[in-house]
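Here is a friendly tour of the model you have at hand. Please keep the viewer open as you read.

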Amino acid sequence: MNNHQIFVNVAEYDFPAWRKFLTTLGASAHPSWHFGYFTRQQYALAMSANCDIIRSGAGDIPFWVTELQGGNNTYSGFHPFCPTREEIDQWLWTSIGSGAQGIIFWCLNPRATGAEAGEWAMIDFQNQPTDRLIAAGDVQKAVADHAGLFAAAHPVPSGITVMYNHESLWIEKESQLPGAPTKGVEGRVTGAVMKSALAYYQVLSESGLTCDFSEMNEYNWNEPDYTGKVIILAHQISLPSRYWDGLTRFVERGGKLIVSGLTGFFDENMHNIMKTGFPLENLFGGCLKEVKTTAERFDVELTTPALSLPAHLWLSTIHQTSGKTIGLYGDQVIAVRKQTGKGEVVWVPSLIGMGSWLNDDHALASFVTDETKMVSVPFRFVEQQQNILMKTLQSGNDYITVLVNKSGNETTVALQVPDGFKPNVLFNDKSGKPVDRSHVLLEPEETMVIHWAR
């Protein structure tokens with residue numbers, strides 16, 4: 001199954017149902033067609049998110065990247081675009097770092113006539129390999145040279161799940177008005193639900209964390225203990241009633257729930273549950289008081305942690321009933337924290353995800369870092385590295401990290417590394433290198449793959 005344009009079409013896909021008859025789940029990943037929510041600088045991030053959505057959907061069956069753009073699209077595709085050899089490296093290793101079991105390019109040689117004639121190919125018109133095909137061969141060689149290591153490798157979970165649901169995407173689409181303005185009001189335009197989630201996924205990736213990117217139906221809501229687990233619900237405007245008990249159990253049993261934007265504004269029937277009695281009021285510590293259209297950008301001031309977060313379009317105030325105030329706008333409560341059982345909810349009902357996506361993400365990264373400091377992982381960045389991504393795999397007792405530098409600058413990255421592990425470079429396409437066991441020098445556009453062993 002070759003899923004197409006995942007960030008737009010994912011609401012139409014019921015992955016858990018498909019697992020019953022599929023042996024493999026696949027995904028197209030053509031930046032010229034599918035990555036319209038992203039800038040080119042973010043295409044490695046997009047590839048990572050694409051793969052992580054599919055990995056979550058696949059569950060226990062393998063997933064493949066079943067179409068990866070290999071060449072130029074001259075007249076086809078929304079955006080005329082030709083990958084560089086560095087981008088081929090970035091996409092292949094990001095897919096491998098996400099757990100992909102195979103990757104298929106579209107395509108080796110171009111058609112001579114019809115749709116896409118003379119486009120997309122990895123060989124030239126003289127049937128000679130392009131730099132893109134040579135790059136793919138170099139990646140393949142590195143994998144083949146360490147076949148046993150990669151055969152046993154799997155992504156290292158962080159316990160953090162960025163979550164979306166079909167109903168939020170459907171309701172967002174249903175709410176659009178033909179011809180309505182879009183400039184400056186991106187929060188009410190199709191895509192805001194997904195971009196809000198992606199904003200959190202980006203800052204987690206820039207922290208070096210591998211998180212799950214899951215539809216709510218893909219999550220196990222019946223585990224006995226969720227201590228150390230985090231769920232992020234960013235502007236999921238629908239909270240279907242079938243998940244209310246699961247969310248409550250998640251928090252009661254030790255999980256942390258981070259909620260922002262207009263999450264829970266509707267139920268699955270587009271009924272405004274804030275008007276008729278918010279069923280999660282005791283869990284969240286209150287209910288919405290009002291939502292005001294404010295500005296394309298404004299700042300939300302939190303007290304615990306002390307942060308100023310860029311927000312977008314809607315200022316939401318809270319009718320506080322049991323939560324602890326952690327943010328005020330004048331004398332209005334705009335953020336609360338509520339302990340329930342062994343866990344807690346942190347609720348900021350303004351669009352801080354979209355504020356980060358449209359502006360600078362340093363503040364959201366600080367917020368997420370502070371709220372997920374209980375998460376235990378073997379490798380992560382010491383501090384946020386903007387536009388630098390890391391994926392971590394475990395193979396037996398060893399680890400593999402994939403680092404991609406999209407910052408545009410030569411950067412030395414500080415890593416949190418478990419005691420006793422030493423680095424050995426398996427692949428790099430520039431001249432960067434480990435400086436010592438906890439610092440890595442990366443050149444612009446460089447991809448580096450490191451094997452860590454005792």
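## An enclosed strand

Five of the seven residues of strand 13 (residues 314-320) are buried, so this strand is largely enclosed by the rest of the structure. Buried means under 20% relative accessible area, with exposed over 50% and partly exposed in between, using a 1.4 Å probe and protein chains only. Helices (H or I, at least four residues) and strands (E, at least two) are DSSP runs, numbered from the N terminus.

Strand 13 runs antiparallel to strand 10 (residues 286-293), and seven bridges join them. Within this pair, Val291 has Ser316 of strand 13 as its bridge partner. Two strands are said to pair if DSSP finds at least two bridges between them.

## About the model

This is a predicted model, in which local features need pLDDT of at least 70 and side-chain atom pairs count only at pLDDT 80 or more, while totals for chains, interfaces and linings use all residues. Residues are numbered from 1 along each chain as its sequence is written, and side-chain values use heavy atoms, with hydrogens and water left out.

## Two four-stranded sheets

Strands of a sheet pair through backbone hydrogen bonds, either parallel or antiparallel. Here, one open sheet has four strands in the order 1-2-3-4, with parallel pairing. Its edges are strand 1 (2-3) and strand 4 (103-106), each of which pairs on one side only. Helix 4 (residues 43-58) packs on this sheet and touches strand 1, strand 2 (25-29) and strand 3; the helix direction makes about 165° with that of strand 2. Contact means heavy atoms within 4.5 Å, and axes are lines fitted to C-alpha atoms, for helices over the stretch in contact, with angles from 0 to 180 degrees between N-to-C directions. Three bridges pair strand 3 (residues 63-69) with strand 4 in the parallel sense, and Gln69 stands opposite Trp106 in strand 4.

Another open sheet of four strands is antiparallel, in the order 17-20-23-22. Strand 17 and strand 22 (433-436) are at its edges with a single partner strand each, so one side of each has no neighbour in the sheet. Strand 22 runs antiparallel to strand 23 (residues 439-442), joined by three bridges, and Lys433 stands opposite Leu441 in strand 23.

## Pockets

On a 1 Å grid over the protein atoms alone, a pocket is an open set of points with protein on both sides within 12 Å along at least five of seven lines, whereas a cavity is a set where a 1.4 Å probe fits but cannot get out; lining residues have an atom within 4 Å of a point. Grid points are joined across faces, edges and corners, and a volume is the space filled by probe spheres set on the points.

The largest pocket has a volume of about 1,000 Å³. Its lining holds 42 residues, with Arg55, Phe63, Gly99, Ala100 and Pro155 nearest its centre. Helix 6 gives the most to this lining, five residues, and among the other elements that supply at least two are helix 4, helix 5 (85-97) and strand 4. By class, the lining has 21 nonpolar, 14 polar and seven charged residues. In this scheme Ala, Val, Leu, Ile, Met, Phe, Trp, Tyr, Cys and Pro count as nonpolar, Asp, Glu, Lys and Arg as charged, and the others, Gly among them, as polar. The second largest pocket holds about 280 Å³ of space. Of its 14 lining residues, Ser175, Gly187, Arg188, Ile237 and Trp314 are closest to its centre.

## Cavities and two buried residues

How many cavities of 30 Å³ or more are there? The count is two. The largest has about 50 Å³ of space, and its lining divides into six nonpolar, four polar and no charged residues. The second largest has about 40 Å³ and is lined by Gln41, Gln42, Leu45, Gln202, Glu206, Asn387, Leu389 and Lys406.

Asn387 sits in the loop between strand 17 (380-381) and strand 18. Asn387 is buried, at 17% relative accessible area, and, leaving aside residues up to four places away in sequence, touches residues including Gln41, Gln202, Glu206 and Lys406. Ser395, found in strand 18 (residues 388-395), is buried too, at 8%. With the same sequence neighbours left out, Ser395 touches Gly148, Leu149, Ala152 and Ala153.
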